[in-house]
Amino acid sequence: MTDIALYEKSRTGDPAPLEQILKELFQDGIRLWLQDSFYAQWKDKVAFPQQTVILEQAAPLPSEVQYVFAIGGDGTFLDAVSLVQESGIPIFGINTGRMGFLSNVKVQDFPQALEAIMSQHFTLEKRMLMHIDHPFANSNPWAMNDICIQRKDSTGMITIQVQVNGEHLNTYWSDGLIISTPTGSTAYSLSCGGPILTPSAEAFVLTPIASHSLSVCPLVLPADSQIEISVRSRASQYTLNVDSHSYTIDAGEKLHICKEKFQVNTIRLQEQSFYKTLRDKLLWGIDIRN
């Protein structure tokens with residue numbers, strides 16, 4: 001028996017993609033594990049197999065679960081990290097969103113992908129996380145993509161003081177600062193001019209958002225760096241985004257960021273590669289003149 005947990009955010013759009021995915025999963029040899037909110041949304045529309053297991057929303061995944069399938073976009077994939085945490089359960093992304101750097105298997109390709117997973121024809125790819133020390137983050141003190149500091153309720157710049165390993169690095173006068181992992185290097189950091197890092201790289205990227213100093217550029221730091229950040233602003237508060245979670249922080253409070261002690265396992269099929277994803281998603285090497 002193969003035990004697969006499904007994770008999806010509340011669906012308001014076309015139900016057809018999920019119905020197509022479930023059709024493939026309703027087969028002998030697969031037992032599905034569903035959070036109660038997921039089951040409640042679909043129980044009147046879909047006849048789930050008798051062996052389906054319903055989980056409480058806040059309950060951790062039991063050890064019997066072998067895989068987590070995240071159905072949606074990259075944001076859904078990132079949220080699924082809170083399900084697996086330190087368990088090492090691999091996450092597989094099925095893309096029903098747009099870009100799909102993490103969730104890069106399309107629904108129409110899912111039958112072949114499922115067959116490959118069931119026959120163990122895949123590679124586990126480890127992804128580095130960041131850890132952030134702050135009272136607000138006691139429940140989920142990590143980020144797989146990025147930690148973003150941005151101004152709040154103000155049109156003025158904020159002042160971001162950064163220390164690395166106890167040494168002053170820089171004072172950023174800007175709209176904000178992005179601290180990203182290699183995974184997050186293809187997200188917001190990239191759109192602000194940051195470099196792309198391969199998933200196996202062990203590093204942080206510091207990318208300013210609309211810096212007032214034209215000489216300030218993105219910086220790559222080794223993953224064993226201890227980063228301390230303090231923000232000053234005309235406003236009394238600023239916004240802190242940790243992956244898909246947003247918080248309001250008082251100016252002057254210090255944040256400490258370092259590499260998380262555990263990594264997340266993701267599933268990469270044999271025909272996939274990071275470089276192929278870059279070519280496909282960023283249209284590298286495609287001549288659009290004709």
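Buried means under 20% relative accessible area, exposed means over 50%, and partly exposed lies in between. These classes are applied here to a predicted model.

**Salt bridges**

Asp280 has a relative accessible area of 42%, so this residue is partly exposed. Its partner is Lys276: the two form a salt bridge, with the closest N and O atoms 2.8 Å apart. Lys276 has 33% relative accessibility and also counts as partly exposed. Both residues belong to helix H7, where they sit four residues apart, about one turn of the helix. An α-helix has 3.6 residues a turn, so residues three or four places apart point the same way.

The whole structure holds eight salt bridges. Three of them are set out below.

| Pair | Closest N to O distance |
|---|---|
| Lys276 and Asp280 | 2.8 Å |
| Arg127 and Glu125 | 2.9 Å |
| Asp175 and Arg151 | 3.2 Å |

Take the bridge between Asp175 and Arg151. Asp175 lies in the loop between strand E12 (167-174) and strand E13 (176-180), and Arg151 lies in strand E10 (residues 146-151), so the pair ties together parts that are 24 residues apart in sequence. Asp175 is partly exposed at 22% relative accessible area. Arg151 is partly exposed too, at 31%.

The bridge between Arg127 and Glu125 has buried partners. Arg127 has a relative accessibility of 9%, which is under the 20% cut-off, so Arg127 counts as buried. Glu125 has a relative accessible area of 18% and is buried as well. The pair does not stand alone: Glu125, Arg127 and Arg268 are linked in a network of salt bridges.

**The largest pocket**

The largest pocket has a volume of about 470 Å³. It is lined by 30 residues. Those closest to its centre are Asp74, Phe101, Leu102, Arg127 and Thr183. Arg127 thus appears both here and in the salt-bridge network.

Several elements give two or more residues to this lining: helix H3 (74-79), strand E5 (91-95), strand E7 (122-127), strand E20 (264-269) and helix H7 (274-282). H3 gives the most, with four residues. By class, the lining divides into 13 nonpolar, 11 polar and six charged residues.

**The second largest pocket**

The second largest pocket has a volume of about 320 Å³. Its lining has 14 residues, and Asn104, Val105, Asp109, Gln272 and Lys276 are the closest to its centre. Lys276 is also the salt-bridge partner of Asp280.

Strand E6 (105-106), helix H5 (110-118) and H7 each give two or more residues to this lining. The largest share comes from H7, with four residues. The classes here are three nonpolar, five polar and six charged residues. H7 is named for the lining of the largest pocket and for that of the second largest.

**Helix H5**

H5 helps to line the second largest pocket. Which residues of H5 are buried? They are Phe110, Ala113, Leu114, Ala116 and Ile117. Seen down the axis of H5, these buried residues fall within an arc of 160 degrees, so they line one face of the helix. Gln112 and Glu115 are exposed on the other side of H5. Just after the helix comes Gln120, with a positive phi of about 65 degrees.

Key: Residues numbered from 1 in each chain as written. Predicted model: local features only at pLDDT ≥ 70, side-chain atom pairs only at ≥ 80, totals over all residues. Heavy atoms only, no water. 1 Å grid on protein atoms, 1.4 Å probe; cavity = no way out; pocket = protein on both sides within 12 Å on 5 of 7 lines; lining within 4 Å. Points joined across faces, edges and corners; volume = space filled by probe spheres on them. Nonpolar A, V, L, I, M, F, W, Y, C, P; charged D, E, K, R; others polar. Buried < 20%, exposed > 50% of the residue type's maximum accessible area, 1.4 Å probe, protein only. Arc of directions from axis to C-beta. Salt bridge = Lys/Arg side-chain N within 4 Å of Asp/Glu carboxyl O.
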